[in-house]
Amino acid sequence: MLNNMTDCEEAEGGPNSQGDGNPKESSPFINSSAASDAEKSQQYDGKNMALFEEEMDTSPMVSSLLSSLANYSNLPTGSKEHEEAENNEEGARPSKKPVKVPQLGTLMGVYLPCIQNIFGVILFLRMTWMVGIGGVLGSFIIVFMCCSTTMLTAISMSAIATNGVVPAGGSYYMISRSLGPEFGGAVGICFYLGTTFAGAMYILGCIEILLIYIVPQAAIFKIEGLEGAEAEAALLNNMRVYGTIVLSFMALVVFVGVKYVNKLALVFLACVILSILAVYAGVIKTALDPPVFPVCLLGNRTILSKGYDICAKVIEIDNDTVTTKLWRTFCDSDSINATCDDYFNTNNVTEIQGIPGVTSGILAENLFGNYLEKGMFLEKRGLPSDADPDSPPAGSNRYVLADITSFFTLLVGIYFPSVTGIMAGSNRSGDLRDAQKSIPIGTIAAITTTSIVYMSSVVLFGACIEGVVLRDKFGEGVNGNLVIGTLAWPSPWVIVFGSFFSTCGAGLQSLTGAPRLLQAISRDGIIPFLRVFGHGKANGEPTWALLLTASICEIGIIIASLDAVAPILSMFFLMCYMFVNLACALQTLLRTPNWRPRFKFYHWALSFLGMSLCLSLMFICSWYYAIVAMGIATCIYKYIEFCGAEKEWGDGIRGISLSAARFALMRLEEGPPHTKNWRPQIMVLVSVDAEQNVEQPRLLSLTNQLKAGKGLTIVGTSVQGTFLDNYVESQRADQSLRKLMETEKVKGFSQVVISSNLRDGTSHLVQVGGLGGLKHNTVMVCWPKNWKQPEYHQHFRNFIEVVRETTVASMALLVPKNIHSYPSNGERFTEGHIDVWWIVHDGGMLMLLPFLLRQHKVWRKCKMRIFTVAQMDDNSIQMKKDLIIFLYHLRIDAEVEVVEMHDSDVSAYTYEKTLVMEQRSQILKQMHLTKNEREREIQSITDSSRGSIRRKNQPGLRSQQSMEEASVAEKPEDEVQLIHSKNAASPTSPTSPPAPADKGQTANAEAGKDLFNMKPNQTDLRRMHTAMRLNEVITKKSKEAKLVLLNMPGPPKNRVGDENYMEFLEVLTEGLNRVLLVRGGGREVITIYS
């Protein structure tokens, strides 16, 4: 079944990317065969699989699955075979060479590469100096801390690496797939920068060995005769020039042929191992026969070896006192009576052994630190020194001086790069025969070996070498020898050349690995602006990435100081290791079902300790570099979050989100929110057309403008049909909602339900939207358009049902009218008012909504006005004062106006409008006509009614009304219903016989004539009167307002009056451009208390 499985993963999301644009991990579980039905029937015939043959495309046979799993392999990204496989996938798959099965074991695949990467330039150039400055105890603490950090990181890395197949990509792959694309990209870039600066450090170390210890004569900027800052500047300039030359040469080598770099790797590794063995051999030799290695001191100060030939002021030759070169260095002439330096006159010259040997007891003297300020003399403890504090400072070209100010944290930053390189094994995971076995064993064994070497070196250096020699960074007091070389056996040159070649090799390895790491990140597509670096030569070599790597590496070369570059790469490596530990701790604590590492010797506490150590070391090394590195990582994280590709890698951060969401939802269940925490959690009900496109996009614009409340938003719609038949349409509608939400920048969720009718679908959305305590408390629905037309009658009935349901559920309701005239998110009002008509108290929704709207840039320049209605018996002046005080306590800025509404008689127009409304409602109930006939009938009745309005006699109307009111007053309130509710049984009298079929039209016509003799229901008349009076006042005051908010009356309890209710609302809002009708949810949503 699985006969066309891919053999490798294409991290850049190329041919393996399907569907949603997310790169699919190459997996034996994906079956892409497209066998015909006939082939299937033959294929499964006689295999007892007939019951399952319909599902074989998605559920393969176990035998096929196991066969594909056994043949599943992952190759290192960038290898020739991998590139050929990728290129062939795009074409017709020509026959390709069989891919070679990876054969590397633990020793060659993990252990030795890790050893080579961990041992490096710091061991040879700075280890002795670190022991001299920090002391054996201080240095041992530094080494132990750093080695513990890498060991804990290796344990975490082993757990991640053995949790399934780790394709080529090493640490970047592990972190990105464990912590997600944002963390993965940020840490990947940090790891890339660390590797790149490591290349710069190795090159600087290589140049330092070349110019100071091998061929000092090659210096372009001569140091001879220069003092202090000038000599330092000349040295740095030499480093810059030669560093740039070596960097260019190395980049050219990497560009031309990486295979030569890989072949030379074993040679460079041999150099490292031989050098270390030579040091141990030298230590053993010092115990048996300490070498003669004199160091000259004046008082307790170390003298430059080039300043003397014999360690004495004068010598006796043939009973004649002759001055030495040392005398000439400190005095103005050769004469025995010459004027000499005061310190030279008052102190004796002493010659001591630079390497007294491991049995000499010098360890006690070197046990504690001796930190120096820049320019201080290297002094031996215990020797007398007579210095006049008032004497002028001595020339700096006579003594060995400290070149930098040293302190404990500086030593940590300089030393840490010497323990990096633990990822070398995991980076080669594609080449390993059994990566899940080799990576933990090889990495931990390599760290154990190197840690033992480092810790023993600290003790042995302190036990064998004199303190002033250890603190002599460049060997200026020991004839310019490499200090560690002075200890080596059989010759210092073993160490010099060994360290030179090892640093060259390490630099080449960095320049080879860093571009490939950048290429892998680029091809993942998570950082859009880096995509150009995913391209390379035809064979896959990352040309553009190499160019960028060389450019960044040049920055380190320009810095030129090994001691300044080392803390920079320490930051980036520490950050990478910190996130490896975080990934392991998270996966363990979250107990993800897929977290089943084969490596069992891990624990979340160890990972957490490793993470804490990494973070501590970052700030111990250099707090400002740590902040910069974190700033870079944060910027990349945010960039990927906002601009990067959406990836779903099953990462642990998503697991955290799920756990945190579950915890928060459980907390929300504990009770309703306090008024101070109330915010509109909006369910937006939209409708979709036949193409599943949203019909009211401006609803989402308004929702976005209300989101200063930072509450929940659910955009819901219903699709008519059944789930089995209409699932595809619902998915299309969901995509349409999501797309519109993204366009309108509405952050929330979409929800589509399928129901047999839209009324039930809307009801389901109102009932079941949200989850647990995170449910909507506000519903926003659009005013039904063209509701008076018969074909839209069901729309307004659905609308009124929504109003009723929100009232029962104690939810707030927002109904924007004329939604098409509402502003889009791109518009801006430069002036204008938001008018609030506060007629009845609704819990404060009318106050809160304008405040939220004015937080948005569309409404920010609008001012808020609040109008309230005073009745005849109200004190309007006092009402205004009270309202101003109330708004002051609510911290809301608004103008206040109290509108007085006096009692007035019902106008003739109101009377006739009510009558026409009731007649139309009665006609629609009585007449069972076709659609076209009903429209013509309604039009004729409306025309007749308008004619009757013109014919009415005003005085007659007043008397008629007063008589009607008198008759109604005698009846109880519950009898005052719509007139047609009494007569709804039949259009004819109960005693009359039913009309014959052929006379039906005549009977309907007679009933229509009776309708014109109706009198309007007094409740309807009163409501119409109120609506028109309020509309007059609102139109007068708020005609020019940008938005009017007013209380929405409740729906009638009797469904017979639904159409009249819509008419009342229409009259209430007539003549207003933008109206937002608001119903409160029955609870206070705003408070004056803090």
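Trainee: Are phenylalanine 416 and tyrosine 577 buried or exposed in this structure?
Mentor: Keep in mind that this is a predicted model, so that every statement here is about a prediction. A residue counts as buried when its relative accessible area is under 20%. By that rule phenylalanine 416 and tyrosine 577 have the same status, and both are buried.

Trainee: How many aromatic pairs are there, and what kind of pair do phenylalanine 416 and tyrosine 577 form?
Mentor: A pair of aromatic rings is described by the distance of the centres and the angle of the planes. The count for the structure comes to 25 aromatic pairs. For phenylalanine 416 and tyrosine 577 the centres are 6.3 Å apart and the planes make 55°, and because planes under 30 degrees apart count as stacked and those over 60 as edge-to-face, the angle leaves this pair as tilted.

Trainee: How many residues apart in sequence are the parts that phenylalanine 416 and tyrosine 577 tie together?
Mentor: Phenylalanine 416 belongs to the loop between helix 12 and helix 13, whereas tyrosine 577 belongs to helix 19. The ring pair therefore ties together parts of the chain whose separation in sequence is 161 residues.

Trainee: What kind of pair do tryptophan 783 and phenylalanine 799 form?
Mentor: Tryptophan 783 is in the loop between strand 9 (778-781) and helix 26 (793-808), and phenylalanine 799 is in helix 26, so this pair ties together parts that are 16 residues apart in sequence. Both tryptophan 783 and phenylalanine 799 are buried. Their ring centres lie 5.6 Å apart, with the planes at 70°, so the pair is edge-to-face.

Trainee: Over which ring does the charged end of arginine 301 sit?
Mentor: Ring pairs link Trp327, Phe330, Tyr343, Phe344, Phe377 and Tyr399 into a cluster. The charged end of arginine 301 sits 3.7 Å from the centre of a ring, and that ring belongs to tyrosine 343.

Trainee: How many residues apart are aspartate 563 and arginine 126, which form a salt bridge?
Mentor: The closest N and O atoms of aspartate 563 and arginine 126 are 2.7 Å apart. Aspartate 563 counts as buried at 7% relative accessibility, and arginine 126 does too at 2%. Aspartate 563 is in helix 19 (residues 562-590) and arginine 126 in the loop between helix 5 (121-125) and helix 6 (127-161), a link between distant parts of the chain with a separation of 437 residues.

Trainee: Are glutamate 232 and lysine 374, which meet in a salt bridge, buried or partly exposed?
Mentor: Glutamate 232 and lysine 374 come together with an N to O distance of 3.0 Å. This salt bridge connects helix 8 (residues 228-256) with the loop between strand 5 (349-353) and helix 12 (408-415), 142 residues apart. Glutamate 232 has a relative accessible area of 33% and lysine 374 is at 48%, so both count as partly exposed.

Trainee: Which residue forms a salt bridge with lysine 380?
Mentor: Lysine 380 lies in the loop between strand 5 and helix 12, as does its partner, 15 residues apart. Lysine 380 is buried, with a relative accessible area of 11%, whereas the partner is partly exposed at 25%. With the closest N and O atoms 2.9 Å apart, that partner is glutamate 365.

Trainee: Which residues stand in one network of salt bridges that share partners?
Mentor: The whole structure has 18 salt bridges. Lysine 473, one member of the network, also lies over the face of tryptophan 129, at 4.3 Å from the ring centre. The residues joined into one network are Arg126, Glu208, Asp403, Lys473 and Asp563.

Trainee: Which strands stand at the edges of the open sheet of 10 strands?
Mentor: The pairing in this sheet is mixed, and the order of the strands is 8-7-6-9-10-15-14-11-12-13. Neighbouring strands are turned by 20° against each other on average, direction ignored. An edge strand has a single partner strand, so one side of it is left without a neighbour in the sheet, and this applies to strand 8 (749-755) and strand 13 (895-900).

Trainee: In strand 8, which residue is the bridge partner of serine 718?
Mentor: Strand 7 (residues 713-720) and strand 8 pair in the parallel sense over seven bridges. Helix 24 (residues 723-743) lies across strand 7 and strand 8 and runs at about 155° to strand 8. The bridge partner of serine 718 is valine 753.

How values were computed:
Residues are numbered from 1 along each chain as its sequence is written. This is a predicted model: local features need pLDDT of at least 70, side-chain atom pairs count only at pLDDT 80 or more; totals for chains, interfaces and linings use all residues. Side-chain values use heavy atoms; hydrogens and water are left out. A salt bridge is a side-chain nitrogen of Lys or Arg within 4 Å of a carboxyl oxygen of Asp or Glu. Helices (H or I, at least four residues) and strands (E, at least two) are DSSP runs, numbered from the N terminus. Buried means under 20% relative accessible area, exposed over 50%, partly exposed in between (1.4 Å probe, protein chains only). Two strands pair if DSSP finds at least two bridges between them. Axes are lines fitted to C-alpha atoms, for helices over the stretch in contact, and angles run from 0 to 180 degrees between N-to-C directions. Contact means heavy atoms within 4.5 Å. Rings of Phe, Tyr and Trp (its six-membered ring) pair if their centres lie within 6.5 Å; planes under 30 degrees apart count as stacked, over 60 as edge-to-face and the rest as tilted. A charge sits over a ring if NZ of Lys or CZ of Arg is within 6 Å of the ring centre and within 35 degrees of the ring normal.
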